[in-house]
Amino acid sequence: MTGKLIDGKVIGQEIRDEIKERVTALKEHGCQPGLAVVLVGENQASRTYVRNKQKSSSEVGMKSELIELPVTVSEKELLDHVTRLNNDDSIHGILVQLPLPDHIDENLVISAIDPTKDVDGFHPENVGKMIIGQKAFLSCTPYGIIKLLERTDTEISGKHAVIVGRSNIVGKPMGQLLLQRDATVTYCHSKTKDLASFTKQADILIVAIGKTKFITDEHIKEGAVVIDVGMNRDENGKLCGDVDFESAKTKASAITPVPGGVGPMTITMLLKNTLHSAEQASAEGRCS
Ligand code: NDP
């Protein structure tokens with residue numbers, strides 16, 4: 001079997017085109033969605049992510065504000081910026097790019113963001129609401145993966161989904177979103193014994209571990225749908241995933257590439273969350 005490609009670039013663009021239309025409609029009502037991105041320090045990967053997020057937000061017609069702070073910024077100063085953005089009616093989404101320097105408490109900063117502007121979906125209030133099935137901002141990567149599955153007509157209900165990785169931003173919320181859609185969910189992590197015995201049971205296999213080409217055909221059941229979240233560099237500096245694409249595609253019925261799979265969806269869902277926030281603010285007369 002050669003797996004069908006799940007093209008995140010194409011699906012992401014379709015969704016961004018829909019977002020752009022809704023942004024245009026909202027602007028006609030006098031409300032331009034605004035996304036603020038706070039970047040601390042000189043981390044090159046973070047700079048690239050932030051640049052891409054800003055470019056994508058302006059492409060759909062959103063306002064984007066970048067707050068660049070030196071690595072030496074104090075926790076208090078950073079929190080002051082968050083408070084200012086919380087109170088700014090022209091900003092509907094606030095994103096603090098992680099990781100932050102060691103002297104700053106990430107949890108404190110995330111908790112300081114107004115949950116109604118927490119478009120990354122990391123605030124404990126949004127995480128809690130998501131788990132009990134209430135309306136909330138969803139963490140962008142797992143939300144993007146759900147959209148990939150939905151838009152490729154992948155059946156979720158009754159399927160066995162195996163998630164490799166249990167981080168707060170990818171693995172954990174991913175399992176919850178699949179559970180809500182009636183999958184049977186198994187979590188695996190670095191202490192899991194005999195990983196392949198679990199991954200081979202997966203109808204839907206989601207891998208988010210940060211280990212180059214770790215998952216091969218030997219981990220995959222014939223016909224499984226394989227979603228590779230990993231963003232790693234191989235020995236030649238080339239971007240690659242956690243899944244060995246060439247061997248995995250011989251078993252998978254459908255598979256995401258890296259790059260061009262999950263990555264474009266993460267940014268797209270950030271824009272979708274920002275749009276929702278602005279639409280809500282506009283409906284409540286809080287958009288300037
Ligand atoms: P973390 O480092 O926070 O978590 C990694 C998880 O993988 C942990 O739960 C860890 O287990 C588990 N793990 C590590 N090694 C193994 C192993 N050998 N077998 C089984 N499980 C293992 O990573 P993230 O979730 O933040 O990111 C994962 C990958 O996804 C990275 O490559 C990252 O760059 C990428 N990523 C991509 C995004 C995108 O938009 N495409 C967005 C976010 C992340 P334990 O908990 O036991 O330590």
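Helices and strands here are DSSP runs, with at least four residues for a helix and at least two for a strand, numbered from the N terminus. Keep that in mind for every view below, and remember that this is a predicted model.

**View 1. The catalytic-domain stretch, residues 6–120, as marked by UniProt.** An unreviewed UniProt entry places the feature "domain: Tetrahydrofolate dehydrogenase/cyclohydrolase catalytic" at residues 6–120. Counting up the DSSP runs, this span is 49% helix and 16% strand. The C-alpha atoms at its two ends sit 24 Å apart.

**View 2. The NAD(P)-binding stretch, residues 139–280.** Here the unreviewed UniProt entry gives the annotation "domain: Tetrahydrofolate dehydrogenase/cyclohydrolase NAD(P)-binding". This span is 35% helix and 17% strand, and 18 Å lie between its end C-alpha atoms.

**View 3. Two domains.** A domain assignment splits the protein into domain 1 (31–114) and domain 2 (140–264). Taken over C-alpha atoms, their centres are 29 Å apart.

**View 4. The largest nonpolar core.** Count its members and you get 77 residues. Leu-205, Ile-206, Val-207 and Val-226 have the most contacts inside this core. Helix H10 (residues 262–283) gives the core its largest share, 9 residues. Domain 1 (31–114) and domain 2 (140–264) each supply at least three residues to this core. Zoom in on Val-207 and, skipping residues up to four places away in sequence, you'll find that it touches Val-164, Gly-165, Ile-215, Asp-228, Val-229, Gly-230, Asp-242 and Val-243.

**View 5. Helix H3 and its two faces.** How far apart should the ends of H3 (residues 75–86) be? At 1.5 Å a residue, its 12 residues should span 16 Å, and the end C-alpha atoms are indeed 16 Å apart, so the two agree. Leu-78, Val-82 and Leu-85 are the ones to look for on the inside: these H3 residues are buried. They cover an arc of only 60 degrees around the axis, which puts them on the same side of H3. An α-helix has 3.6 residues a turn, so residues three or four places apart point the same way. Turned away from that buried side is a face of H3 with the exposed residues Lys-76, Glu-77 and Arg-84. The cover over the buried residues of H3 includes strands S2 (34–40), S3 (63–69) and S4 (93–96), plus helix H4 (106–112).

**View 6. Helix H6 and its cover.** H6 (residues 140–151) passes the ruler check too: 12 residues at 1.5 Å each should span 16 Å, and its end C-alpha atoms are 16 Å apart. Its buried residues are Cys-140, Thr-141, Pro-142, Tyr-143, Gly-144, Ile-145, Leu-148 and Leu-149. What lies over the buried residues of H6 includes helices H1 (8–28), H7 (171–180) and H10, along with strands S7 (204–207) and S8 (225–228). After H6 comes Asp-153, with a positive phi near 55 degrees.

**View 7. A binding-site loop.** Under "binding site", the unreviewed UniProt entry lists Gly-165, Arg-166 and Ser-167. Gly-165 lies in the loop between strand S5 (160–164) and H7, and Arg-166 is in the loop between S5 and H7 as well. Is Gly-165 buried or exposed? Gly-165 has 23 other C-beta atoms within 10 Å, so it is buried, since the cut-off for that is 20 or more. Arg-166, with 18 C-beta neighbours inside 10 Å, counts as partly exposed. Leaving out neighbours within four places in sequence, Gly-165 contacts Val-170, Gly-171, His-189, Val-207, Ala-208 and Ile-209. With those neighbours left out again, Arg-166 contacts Gly-171, Lys-172, Tyr-187 and His-189.

Methods: Residues are numbered from 1 along each chain as its sequence is written. This is a predicted model: local features need pLDDT of at least 70, side-chain atom pairs count only at pLDDT 80 or more; totals for chains, interfaces and linings use all residues. UniProt positions are given in the numbering used here, feature names are shortened, and annotations may be inferred rather than shown by experiment. A nonpolar core is a set of buried Ala, Val, Leu, Ile, Met, Phe, Trp, Tyr and Cys residues joined through C-beta atoms within 7 Å. A residue is buried if 20 or more other C-beta atoms lie within 10 Å of its own, exposed if 12 or fewer, and partly exposed in between; C-beta atoms are placed from the backbone. Domain bounds come from an automatic or database domain assignment. Two residues are in contact if their C-beta atoms, placed from the backbone, lie within 7 Å. The expected span of a helix is 1.5 Å times one less than its number of residues. The arc is that of the directions from the helix axis to the C-beta atoms.
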